[in-house]
Amino acid sequence: MIKRFFFLVLAVVAFFASCTNDEQSLGVKSTTELLSVQKPELAANSNNPYDYFGKAHYDGLLFVSKKTNGFTVSRKKQKAAIDEFVKTQTFADTRSGAFSALTENELASIFEQAQNAKIQVDTVNMSAAMVNAVTLYSQTLRHLFETEGNLTFSEIKDSIMHFESYVLSNDKLTEVEKEDLLKSTSTFRYSALQWERFVKEHESKLATRSRKKWYHWVVIAGADAIGALVDKTVSGAVLASKTASDEITKELSKVEEPTKVEESKPEVDSENLE
């Protein structure tokens, strides 16, 4: 018994040591290395006039990862790194380069929307055309969740570009509504490309059971895209990405333990107690 306990302690110590070693919390390659494996050009869509937004998100996420040792520093330092990135960039429009106003509760809500593949619609302040477009956007996300077999980046990109074609040709949407949607879809494509290697590197560490094989990949890209849609800034999309990656990393790092079966205790008849 003592010997088993000793080996268990050694295993736990080794686990936490590996988690803090040069930002390599889950595997041999660092977070920054995994986020920079894919060339961003692979995610581009020249038909989207706001494609620069997704590329800026890609650059911002990589910048923050390098500055924060793979997101292993405090939340305050992470936000400081995002602010530093925004200040050093020249964005195509000032709105994209604004600082995020997203609260922790709003970021948690964005992650939940991505998990459920259901983007919130504001029927009071949104036009009917925008409500319909956002609903179709959610259906696109759901379709990716339900893809059988091994989901590929090409499938994600094709699905998003198909939705982008719908947005570009929809005369009922205003130019501002199109801008908001197309910045979000651009973020989705670049995020999916950037996080692909990270998630696929570590997905096997989690017993997904009821989940599709690449469930976490779609969730994190979806969260980034919803962050862009809600906050309309690159920094908001990066913050949403960080929030989602934190939650995903927690799940991917879990070591599943056997479920303990509690022993049934006999009921005590209190009325017969003296």
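Start with the lining of the second largest pocket in this predicted model: by class, three residues are nonpolar, seven polar and three charged. To find the spot, select Phe71, Lys242, Ser245, Asp246 and Thr249, which lie nearest the pocket's centre among its 13 lining residues. The pocket's volume comes to about 210 Å³.

Now colour helix H10, residues 234-252, and H8; each of them gives at least two residues to this lining. Which helix supplies the largest share of the lining? That's H10, with five residues.

**Next stop: the largest pocket**

Keep H8 (175-202) on screen and add helix H6 (128-145) and helix H9 (215-231), since every one of these three puts at least two residues into the lining of the largest pocket. Its volume is about 250 Å³. Show Gln120, Asp122, Met126, Leu229 and Lys232 as sticks: of the 14 lining residues, these are the closest to the centre. Leu229 falls within the 215-231 range of H9. What does the lining look like by class? Seven residues are nonpolar, three polar and four charged. So if you want one helix to keep selected for both pockets, H8 contributes at least two residues to the largest and at least two to the second largest.

**Then: helix H3**

Select residues 51-67 and hide the rest for a moment. This is H3, and a quick length check works nicely here: 17 residues at 1.5 Å a residue should span 24 Å, and the end C-alpha atoms sit 25 Å apart, which agrees.

Bring the rest back and colour H3 by burial. The buried residues are Asp51, Phe53, Gly54, Ala56, His57, Tyr58, Gly60, Leu61, Leu62, Val64 and Ser65. While you turn the view, remember that an α-helix has 3.6 residues a turn, so residues three or four places apart point the same way. In H3, try stepping through Phe53, His57 and Leu61, which are among the buried ones.

Just past the helix, click on Asn69: this residue follows H3 and has a positive phi, near 55°.

**Last: zoom out**

Show the whole protein as a cartoon. How many helices and strands are there? Ten helices and zero strands, so reading along the sequence gives α-α-α-α-α-α-α-α-α-α. Switch on burial colouring for everything, and 46% of the 274 residues come up as buried. Draw the contacts between residues at least 6 apart in sequence, and 74% of them join residues at least 24 apart. Finish with a surface view: the protein exposes about 15300 Å², with 54% of that coming from carbon and sulfur atoms.

Methods:
Residues are numbered from 1 along each chain as its sequence is written. This is a predicted model: local features need pLDDT of at least 70, side-chain atom pairs count only at pLDDT 80 or more; totals for chains, interfaces and linings use all residues. Side-chain values use heavy atoms; hydrogens and water are left out. Helices (H or I, at least four residues) and strands (E, at least two) are DSSP runs, numbered from the N terminus. Buried means under 20% relative accessible area, exposed over 50%, partly exposed in between (1.4 Å probe, protein chains only). Contact means heavy atoms within 4.5 Å. Accessible areas come from the Shrake-Rupley method with a 1.4 Å probe; for residues, only the protein chains shown count as cover. On a 1 Å grid over the protein atoms alone, a cavity is a set of points where a 1.4 Å probe fits but cannot get out, and a pocket is an open set with protein on both sides within 12 Å along at least five of seven lines; lining residues have an atom within 4 Å of a point. Grid points are joined across faces, edges and corners, and a volume is the space filled by probe spheres set on the points. Ala, Val, Leu, Ile, Met, Phe, Trp, Tyr, Cys and Pro count as nonpolar, Asp, Glu, Lys and Arg as charged, and the others, Gly among them, as polar. The expected span of a helix is 1.5 Å times one less than its number of residues.
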